[in-house]
Each structure stands twice: as C-alpha cells, then as structure tokens.
There are 2 protein chains.
Amino acid sequence: MTSLSAQEAGNRPRPTMRQVAELAGVGIKTVSRVINGEPNVTPETTQRVLDAARALDYQPDLHAGNLRRTDRRTRTLGLLVGSVDNPFSGAVHRAVEDAAAERGVAVFASSLDDDPERERQAVAAFLRRRVDGLILTTATANQTYLEPELQRGTPIVFVDREPSGIETDAVVSDNAGGAARAAEHLLAHGHQRIAYLGDLHSIQTARERRRGFLDALDRARVPLDDLPVIEDLHDQAAARDALLRLLDGPNPPTAVFSAQNLITIGALHALRERGRQRDTALVGFDDVELADLLEPGVTVVAQHPEDLGRIAAERVFERLDGNNSPSQRIVVGTTLIMRGSGEIPLASA
Amino acid sequence: MTSLSAQEAGNRPRPTMRQVAELAGVGIKTVSRVINGEPNVTPETTQRVLDAARALDYQPDLHAGNLRRTDRRTRTLGLLVGSVDNPFSGAVHRAVEDAAAERGVAVFASSLDDDPERERQAVAAFLRRRVDGLILTTATANQTYLEPELQRGTPIVFVDREPSGIETDAVVSDNAGGAARAAEHLLAHGHQRIAYLGDLHSIQTARERRRGFLDALDRARVPLDDLPVIEDLHDQAAARDALLRLLDGPNPPTAVFSAQNLITIGALHALRERGRQRDTALVGFDDVELADLLEPGVTVVAQHPEDLGRIAAERVFERLDGNNSPSQRIVVGTTLIMRGSGEIPLASA
DNA sequence: TGCCCGATTGACAACGATGTCAAACCTAGT
DNA sequence: ACTAGGTTTGACATCGTTGTCAATCGGGCA
C-alpha cells in the first residue's frame with residue numbers, strides 16, 4: 001500500500017513444498033506429484049494441493065529439483081553472441097529464444113566483444129549455472145578448453161564462426177562465397193580497383209571474407225599487389241577514417257567492399273562526407289536497416305541470422321534428445337540484394 | 001579425436017567437490033573453502049586443492065551451493081524487453097548486461113512481443129529459476145500479480161513502461177515530454193495538419209506519447225477534431241499502409257509524427273513511395289540507425305536506452321545491497337536531433 | 001612442563017526438491 | 001468374508017554444496 005510495503009525486504013520467507021504440503025494436509029511427495037503432473041493422485045487431493053499452492057503463491061525451485069532429478073536438466077541454454085546490441089546478434093538471439101521458449105527453456109545471453117577473455121568468463125559463468133547446452137560465437141584462437149565439457153555430454157554448437165581444435169557442430173554463413181559474390185558483382189560492373197575494408201584479422205569470418213574476396217579478384221586476373229586491403233577495422237569510426245584516407249589519397253578506389261555491418265555504415269559516412277556516394281560503388285556484407293531508403297540504395301550480401309540461430313538451437317535440442325550422429329558443419333547461404341550502390345558502373349571519366 | 005568423441009554423451013560424470021577432495025586428499029569442506037576463497041587454509045593445501053580441481057576440470061555447481069548458502073543469491077537477473085531483436089531493446093539489454101557482468105551476475109533475457117501471456121510465462125520462468133531481481137517491460141494492464149514476490153524482497157524494476165497496481169521502482173523515458181517537443185517542433189515550422197502514427201493503444205508509453213502530442217497541439221490551439229490520429233500500428237507494414245492511405249486521401253497531412261522506431265521506418269517507406277519525403281515533414285520518436293544518411297536526414301526525438309538499462313540495473317543492485325528507500329520513478333529525458341525531415345516548412349503552395 | 005589460544009581441518013546436518021519403496025486403502029472376484 | 005492386485009500416499013535417502021561445530025595441531029608463555 002504505502003511505498004514502504006515494497007521495501008520490507010525478506011518479509012515472508014519464500015514458500016516451499018513442505019509448506020504447501022502442510023497447508024494442503026498431505027505429504028510433500030504428493031505435492032511434488034501434483035506440481036509435476038505425475039499420475040495417481042485423486043482429483044480431490046490434486047485440487048487441495050493446487051489451492052494451497054495458489055494461496056501461498058508457491059513457485060517450485062527448479063534448481064533444487066534438478067539436484068535430485070535423474071536427467072539433471074536445468075532447461076537453460078547459454079548463448080554467446082558478438083554483442084546483444086548488434087542487429088545481427090539480436091536476430092540470432094531472437095531465433096534461439098523462440099526455439100528455446102517452445103521447449104520451456106530459458107536463455108542466458110552474453111556479449112563477446114571479440115574478447116577471448118570475455119569468452120572464457122562467459123562460458124565459465126554458464127557452466128557454473130549448469131546450462132544444458134551452449135551456443136557460442138567464439139573469439140579464442142582455439143577452443144580445446146571446452147573438450148572436457150563436451151566429453152561430459154554437454155551439446156556445444158558454434159554459430160557464425162567455426163570452432164578450432166575441437167570436434168563439434170557449427171552453423172555458419174557462407175562467408176567466403178558471399179564475399180566472392182560481392183567481388184564478382186563489382187567486377188561485372190567494370191571495377192578493378194576495389195577497396196576491401198575488413199574487421200579484425202583475428203576473427204575467423206573476417207579472414208574468410210577476405211579470402212573469398214581476394215580469390216575472386218585473383219580468378220578474374222586482377223593484380224592484387226597494390227589493392228587497398230585494409231583490415232582490423234572494428235567500429236564505424238575506424239572504417240570511416242580508413243575510407244576517408246583512401247578517398248583523399250592518390251588513386252582512390254572506384255568501388256568498396258565493406259565486410260561487416262558496422263564497417264558498411266562507417267563507409268557510407270565517409271562516402272557522403274566526400275560526396276562520392278554516386279560514383280563510388282559499394283557492396284556491404286550483412287544487411288543494415290534502412291539500406292533500401294538511402295540514395296543510392298545500399299547493395300549488400302545479406303546473411304540470414306534468424307536461420308543461423310534457429311538451426312543452432314535445433315541442433316542443440318537434437319543432441320539433448322539423444323542424436324549423436326557425427327558432428328556437422330552447416331553452411332547457410334547468403335543473398336545478394338541489389339539496391340543501387342553496387343551497380344554503379346566504373347566511371348568513364 | 002574422431003568425430004565420435006563428442007558424441008559419447010554422458011561419458012564421464014561431472015566431477016563434484018567430493019571427487020576433488022578425494023584427489024587432493026582433503027575433506028570436502030576444505031575444498032569448499034578454497035573454491036570460495038575463505039581464509040584459514042595453508043598455502044600448500046590450497047595448492048593441492050587447486051591442482052586437483054584443475055585436473056578434473058571442476059566447475060562448482062552454483063545452484064547446489066545456493067541451496068545451502070544463507071544469502072540465497074543465484075547471481076542471476078531476469079530481463080524482459082520488447083524484443084531482443086529490436087535495436088532499442090538491444091541497447092537496454094546491453095547496458096543491463098554490462099552492469100550485471102561487473103558484479104558476476106548473469107542475465108536471462110526474454111522477448112515480450114507485447115503479449116500479456118508471454119509476460120506471465122517469462123516471469124514465472126525467471127522465478128522458478130530464482131533470479132535475484134527482475135527488470136521488466138510490461139504488457140499486462142496490471143502487475144499486482146507480482147505483489148507477493150515483491151513482499152518476499154525480490155527487487156523488481158520496471159523499465160521503459162510504468163507499472164500499475166504495484167509500488168516499485170521504474171525507469172522510463174519522458175514520453176509525453178518528448179512527444180510534445182516533437183509536436184512543438186513541427187508547429188514551429190508552420191505545420192498544423194500533423195498526422196499521429198502510434199503503436200497499440202494498450203501500451204502505456206504509446207498512450208503517453210499520444211497524450212503529449214495532443215496536449216501540445218491543444219496548447220497551440222490547433223483544433224484536434226479532424227486531426228489524423230492513427231493508433232494500433234504495430235509493425236512497419238501497418239505504419240506504411242496507414243500513411244499511404246493518408247497521403248492518397250483527401251486533405252493529406254503536411255507533417256507526420258511517428259511515435260516508435262518501426263513506425264518511423266514504415267512511414268519513411270510510405271513517403272518515399274509517394275515521393276513526398278521532401279515536402280512532408282517527419283519527426284520520429286526513438287532514433288533509428290542510418291537516419292542521418294537519408295535525404296533528408298530523419299529528425300527524431302531520441303531516447304537513451306543505454307541509460308534506461310544501466311539505471312534500472314543499478315537500481316536492482318542497490319536494492320539487493322539493502323537500500324530500501326521508497327520506490328522511485330526515474331525519468332530519463334529525450335533529445336531532439338534535427339537532421340532535416342523535421343525542419344521542412346509548411347509548403348507555401 | 002603444562003596450559004591457553006588461534007589456526008587448520010573435517011564430520012555432519014541442512015537447503016528444497018525427487019526417486020525409491022513400502023504401507024495403507026480400495027475394488028472386484030471368489 | 002477373504003484375497004489378489006491395483007491405486008494412492010508418505011517416510012526417507014539423496015543430489016552438491018555451505019554453515020556449524022568440534023577436534024586436532026602448534027606455538028608461546030608462565
């Protein structure tokens with residue numbers, strides 16, 4: 001009533017099964033049976049128990065039950081993504097959540113920030129809480145530290161980036177293929193001097209995209225020597241600055257491939273600032289919101305984060321359901337979406 | 001080694017303190033002391049225990065410990081947001097995660113989808129897992145169902161939307177104020193016939209924004225009777241369709257206030273489709289990515305979701321630390337960001 | 001030498017639930 | 001009326017850990 005009521009912390013202790021049993025005038029095991037929907041309880045007893053539980057606002061303690069339960073399932077999943085704040089990660093997260101919610105499973109989410117130390121910490125935090133399975137985006141060079149956990153039967157599925165030093169499932173985008181597609185698209189519009197703006201070299205997908213990009217140019221016999229290939233751009237500002245330098249330098253690129261969503265946004269800023277958005281072609285990897293409303297629209301190689309997340313979650317649940325077929329690497333294709341910026345032809349100037 | 005290794009599920013059982021104790025040749029309580037950093041263990045014993053723990057890849061079971069521990073803290077928080085794949089929610093989530101991670105607290109995140117039933121389910125799932133505190137965006141008309149939990153001392157902080165029927169902390173944006181600011185801004189540029197495009201009337205913030213908007217117009221003595229006020233637009237497509245109808249109808253609005261980020265995007269689409277983006281003014285509530293690169297740039301009343309999340313989390317931790325001052329309603333201001341679309345003057349046509 | 005006191009250690013109960021098992025209670029068939 | 005067999009129920013041990021408490025050990029001091 002008064003604003004004090006909320007603050008009388010630790011007032012009533014939380015009711016336990018024992019108290020429900022007492023109120024209902026039955027044994028504690030009977031309460032357990034009712035709460036868990038086990039058979040062989042008369043309707044009258046069931047009702048008495050339910051009434052008592054309602055009256056006390058009883059909430060079973062999942063973890064206490066787990067301790068004794070034979071399956072030892074916490075109905076909890078650990079999810080590690082780039083950052084819960086990034087739209088790509090958000091879509092992955094949402095798909096995982098939906099698949100999990102269907103099964104009454106709750107999801108712990110953590111942000112990686114491409115920091116190996118954060119990864120170890122997050123995984124340890126998940127394991128201490130006894131998650132039933134892990135869906136991980138990794139920042140470590142090597143995940144052998146997870147081997148013992150895998151041996152214990154905990155399903156671990158990597159998402160977005162492939163694992164290394166460990167044999168387990170992975171669900172990833174076709175990074176090299178998508179990057180190659182972007183390069184070929186720009187080549188087809190006459191460009192040869194294409195700048196590559198990439199994320200940290202330590203990130204596996206960044207290396208894959210770079211490889212796909214360079215391989216495609218190489219196949220087209222474009223000399224790679226003096227190509228502007230810039231890596232380790234980890235945020236919008238860095239990408240913007242890098243492209244500004246290229247645009248202001250001698251022999252600026254006629255086209256740009258930005259290999260990640262934040263980099264694309266940085267590149268867009270740089271192009272606008274120099275008024276070059278209508279003569280410098282741009283293809284981005286990963287879609288960005290509103291890209292279709294810019295002028296010109298931003299051509300992108302779109303990933304399908306919802307699929308990545310959904311498939312990864314389904315894989316975890318299959319493993320939990322006993323499927324122990326050999327581990328698989330599932331590749332989700334990318335989609336080139338042409339909106340204008342990627343179709344700007346090489347200026348005849 | 002072979003791909004089978006990962007599949008021999010349930011191989012080795014997970015090691016317990018008992019096994020660490022056995023391997024180290026000490027009592028189980030001594031292991032507990034070492035793991036928890038309690039004093040009065042000799043350095044040699046400590047080392048033996050740590051070695052044994054390492055050798056077995058021991059991970060303490062946080063929940064088992066909790067069962068016995070006097071503070072009963074799971075070091076876990078439940079967070080309910082609109083949708084983990086909405087940028088606004090993502091920013092709130094990230095801020096909460098950062099504040100929590102500092103304290104070794106893990107975060108369960110769930111999406112609400114403005115569905116009261118999902119809210120009950122998510123909250124129940126959190127409570128069965130004994131989270132230490134709740135940070136909630138609500139979709140129910142009334143949250144008295146949380147009263148017993150509040151009485152037990154669980155900190156509950158509402159974020160983004162205010163609670164009703166319950167006395168507890170809330171951290172919200174200045175919705176009415178921000179909407180009024182948007183209206184005044186459009187009025188200042190000569191507009192009177194301003195369309196309001198709003199979210200579900202059942203959402204408290206949507207009602208607040210509508211109220212702020214209408215009050216501002218009323219103060220300016222704009223007749224509200226035949227103003228195009230459209231509510232219950234819950235996604236981009238609905239917003240686009242609604243605005244298209246207005247633009248195509250008789251007496252179309254000269255300015256638009258879109259009261260939520262997805263609605264703003266839908267409105268942008270509609271304006272482009274009719275080629276009206278340069279003569280119809282637009283102010284959106286909540287910022288959207290790339291809004292600055294559109295032509296014209298999108299003027300918005302930006303919220304500060306990071307602040308909402310951070311403050312809400314801090315409030316929870318203060319409560320957990322024993323602060324039991326009266327519950328507070330903390331209002332975070334909004335910021336008008338002028339980028340062009342909101343400064344389009346009334347056409348002299 | 002004997003005693004006191006603090007440091008170190010481990011046995012044991014307990015946290016809230018479920019699995020096991022046996023007791024009590026029906027019902028129907030003879 | 002009596003028994004077989006199924007249904008309903010609860011006592012008790014147990015899950016992995018921490019709190020309590022008592023036992024042991026090793027000095028330091030009278």
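Two strands pair if DSSP finds at least two bridges between them. Helices (H or I, at least four residues) and strands (E, at least two) are themselves DSSP runs, numbered from the N terminus. Three bridges join strand E10 (residues 299–302) of chain A to E12(A), and these two strands run antiparallel.

The structure is a predicted model, in which local features need pLDDT of at least 70, side-chain atom pairs count only at pLDDT 80 or more, and totals for chains, interfaces and linings use all residues. Residues are numbered from 1 along each chain as its sequence is written, while chains are lettered from A and ligands numbered from 1 in the order in which they are written.

## The open sheets

In chain A, six strands form an open sheet in the order E7-E6-E8-E9-E10-E12, with mixed pairing. Its edge strands are E7 (229–230) and E12 (335–337) of chain A, each of which pairs on one side only. Within the pair formed by E10(A) and E12(A), Ala302(A) stands opposite Thr335(A).

Chain B also has an open sheet of six strands, in the order E7-E6-E8-E9-E10-E12, and the pairing there is mixed. Strands E7 (229–230) and E12 (335–337) of chain B stand at the edges with a single partner strand each, so one side of each is left without a neighbour in the sheet. Strand E10 (residues 299–302) of chain B pairs with E12(B) in the antiparallel sense over three bridges, and Val301(B) stands opposite Leu336(B). Strands of a sheet pair through backbone hydrogen bonds, either parallel or antiparallel.

## A buried strand in chain A

A parallel pair is found elsewhere in chain A: six bridges join strand E1 (residues 76–81) to E2(A). The bridge partner of Leu80(A) in E2(A) is Ser110(A). Together with helix H5 (residues 87–102) of chain A, E1(A) and E2(A) make a right-handed β-α-β unit. A crossover is right-handed if, with the strands pointing away from the viewer, the path from the first strand over the helix to the second runs clockwise.

Burial is judged by counting other C-beta atoms, placed from the backbone, within 10 Å of a residue's own: 20 or more make it buried, 12 or fewer exposed, and a count in between partly exposed. Six of the six residues of strand E2 (residues 106–111) of chain A are buried, so the strand is largely enclosed by the rest of the structure. Ala106(A), Phe108(A) and Ser110(A) point one way from E2(A), whereas Val107(A), Ala109(A) and Ser111(A) point the other way. In a regular strand the side chains alternate between the two faces of the sheet.

## Helix H12 of chain B

Helix H12 (residues 305–320) of chain B has 16 residues and reaches 23 Å from its first C-alpha to its last, close to the 22 Å expected at 1.5 Å a residue. The expected span is 1.5 Å times one less than the number of residues. The buried residues of H12(B) include Leu308(B), Ile311(B), Ala312(B), Arg315(B) and Val316(B). An α-helix has 3.6 residues a turn, so residues three or four places apart point the same way.

Glu318(B) also lies in helix H12 of chain B, but this residue is partly exposed, with 15 other C-beta atoms within 10 Å. Just after H12(B), Gly322(B) takes a positive phi of about 105°. In another part of chain B, Asp71(B) lies in the loop between H4 and E1 and counts as exposed, with 9 C-beta neighbours inside 10 Å.

## Contacts between chains and with DNA

Two residues are in contact if their C-beta atoms, placed from the backbone, lie within 7 Å. By this criterion, 56 residues of chain B are in contact with 56 residues of chain A. Helix H4 (62–68), helix H6 (116–128) and helix H11 (261–273) are among the elements of chain B that each supply at least two residues of the side touching chain A.

A residue is near a DNA strand if its C-beta atom, placed from the backbone, lies within 6 Å of the strand. Of the 26 residues around DNA strand D, Gly27(A), Thr30(A), Met17(B), Ser32(B) and Gly65(B) come nearest. DNA strand C is surrounded by 25 residues, the closest being Ser32(A), Gly65(A), Gly27(B), Thr30(B) and Leu67(B).

The table divides these surfaces by class: Ala, Val, Leu, Ile, Met, Phe, Trp, Tyr, Cys and Pro count as nonpolar, Asp, Glu, Lys and Arg as charged, and the others, Gly among them, as polar.

| Surface | Nonpolar | Polar | Charged |
|---|---|---|---|
| Side of chain B that touches chain A | 24 residues | 17 residues | 15 residues |
| Surface near DNA strand D | nine residues | ten residues | seven residues |
| Surface near DNA strand C | nine residues | ten residues | six residues |
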